[in-house]
Amino acid sequence: MIEKAASCEDVTEPGLMPVESALARIRSLLPQPDDTAIEEVPLDKALGRILSRDLTSPIDVPGYTNSAMDGYAIRAADIPDDGQTLSLQVAGTAWAGRPFNGDIGSVDSPTAVRIMTGAMMPHTLDTVVIQEHVEMAPDGATIKIDSTVKSGSHVRHAGEDIKQGETVLSAGEHLGPAQLGQLASLGINRVPVYQRLKVAFFTTGDELRSLEEYAGQALAPGELFDSNRYTLRAMLERLGVEIFDLGVVADNPDDTRDAFMRAAETADLIVTSGGVSAGQADYVTRTIHEIGEVGFWKIAMRPGRPLAFGTLGNSVFFGLPGNPVAVMVAFYEFVQPAILSMSGATKTQVDVVSAICQSALRKSAGRTEYQRGVLSLDAEGNSVVESTGKQGAGRLTSMVMANCLIILPPEVDSVVPGQRVMVRPFFGMV
Ligand code: AMP
Ligand code: MG
């Protein structure tokens, strides 16, 4: 028998770092954006940016008391007693954008004003009766109401949504469609945001052929198209960072060092794929050992066990494995939260949800596994998840078919159908 050294084949081996510890180590080492890394952008360019300070409302919302319905504005004091009805004179109409400025008459003569949704409530009137609940005289000059009208109903009061001076959005919040609409509703047209993070990335591998040169061509045996650079670019673009694509780098020490030096000149964060294992052609981790600092590179997870994390000059470095699925899983679990945190975001990870697993899942205890799944609702409305099938780390098809990752913690060793599992949807934060 040959005495075997530790390898990826082993479920656990001494020195493997649990996912949680790796995340905690990464968090503790990430630089946070400082106050100089701030810019002001117009609202129509602010989608996906992260707010750099709390914003307060310069106005009350709504700005004036108005009707929530089409109907008639009246005085609550005129609502008749139980079982009675009352006739009111219609003094005129209040339109949205065109308030009623006429005479409402004295308290002794019951008066109503026809009012549209969003129109300003005439002064001294405080209740709206919806149009379906009145009886109108044929000439429209009077209406009749009954005792079922509720005092103060269907009126939106000035400041009831937001008070002037109230904090509406907090520093670190992601600006999405709702946040932008809210700022617009307050008349705020420019927002202070953190500057975009600069992220450089490259792929490594002598076998890789870039699409720029080889798209559509037949490749020689042993060659393959560089797909990771497109996956990486897409995942980065979604995060709204400034990207620097440094291409494919060959498996040799000089090219690897050159690429890292170029990346470190501009980037806050560097991401690579491939070359992080212990193979003879793996130069990424070795190079960072020489010119920077590597924190760790073996995680108790699958896919994605070899993952290098460290620093190079002022840049943070993530060396992802080469396998296409491992690239995505490691990016979503480690790199995306790091990028969001360095970008100033408060929320850095998509929430997990619980679902009933409909597939039998095989797994080894001792490591966290990220299996690809399809999350849906069953006929009873329960969240259920199914495996996409074969889970090889090179099979991008499993990611294409999936809409979530099924996250199985180290203590779990198998899942039977009907068991609850934790799922991280691909839709969510960004
Ligand atoms: P490595 O981590 O460099 O040993 O790469 C592991 C495997 O991932 C390789 O055998 C390739 O098949 C694949 N691979 C590495 N880089 C890429 C890439 N950029 N695009 C597609 N597949 C890749
Ligand atoms: Mg390689």
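**Exercise 1. Find which backbone and side-chain atoms of the protein meet ligand 1 in this predicted model.**

Step 1. Start at G322: one of its backbone N or O atoms lies 3.1 Å from an oxygen atom of ligand 1.

Step 2. Go on to G275, where a polar backbone atom is 2.9 Å from an oxygen atom of the ligand.

Step 3. Now look for a side chain. In D226, an N or O atom of the side chain is 2.7 Å from a nitrogen atom of ligand 1.

Step 4. Ask how much of the ligand is covered. On its own, ligand 1 has 490 Å² of accessible area, and the protein covers 76% of this.

Step 5. Widen the view: ligand 1 is surrounded by 14 residues, and the closest are D226, S227, N228, G275 and G322.

**Exercise 2. Place N228 in the fold, and decide whether N228 is buried or exposed.**

Step 1. Locate the residue: N228 belongs to helix α4, which covers residues 228-238.

Step 2. Apply the cut-off: buried means under 20% relative accessible area. N228 has 6% relative accessibility, so this residue counts as buried.

Step 3. List its contacts. Setting aside residues up to four places away in sequence, N228 touches T203, S273, G322, P324 and V327. G322 has come up before, as one of the residues closest to ligand 1.

Step 4. Try a distance as well: N228 and L208 are 20 residues apart along the chain, and their C-alpha atoms are separated by 9.9 Å.

**Exercise 3. Check the length of helix α5 and work out where its buried residues point.**

Step 1. Helix α5 runs over residues 253-266, which is 14 residues. At 1.5 Å a residue the helix should span 20 Å, and the end C-alpha atoms are 21 Å apart, so the two values agree.

Step 2. Pick out the buried residues of α5: T256, A259, F260 and A263. Seen down the helix axis, they fall within an arc of 100 degrees, so they line one face of α5.

Step 3. See what covers them. Among the covering elements are the strands β13, β16, β17, β20 and β21, together with helix α6.

Step 4. Finish at the N-terminal end, which N252 caps: a side-chain oxygen of N252 lies 3.2 Å from the backbone nitrogen of D254.

**Exercise 4. Describe the surroundings of D78.**

Step 1. D78 sits in the loop between β4 (71-74) and β5 (85-94).

Step 2. Its relative accessibility is 10%, so D78 counts as buried.

Step 3. Apart from neighbours within four places in sequence, D78 is in contact with L86, L88, V107, P110, T111 and I145.

Notes: Residues are numbered from 1 along each chain as its sequence is written. Chains are lettered from A and ligands numbered from 1 in the order in which they are written. This is a predicted model: local features need pLDDT of at least 70, side-chain atom pairs count only at pLDDT 80 or more; totals for chains, interfaces and linings use all residues. Side-chain values use heavy atoms; hydrogens and water are left out. Helices (H or I, at least four residues) and strands (E, at least two) are DSSP runs, numbered from the N terminus. Buried means under 20% relative accessible area, exposed over 50%, partly exposed in between (1.4 Å probe, protein chains only). Contact means heavy atoms within 4.5 Å. The expected span of a helix is 1.5 Å times one less than its number of residues. The arc is that of the directions from the helix axis to the C-beta atoms. A polar contact is a pair of N or O atoms within 3.5 Å; within protein, one must be able to donate a hydrogen and the other to accept it, and residues adjacent in sequence count only if both atoms are side-chain atoms. A residue is near a molecule or strand if one of its heavy atoms lies within 4 Å of it. Accessible areas come from the Shrake-Rupley method with a 1.4 Å probe; for residues, only the protein chains shown count as cover.
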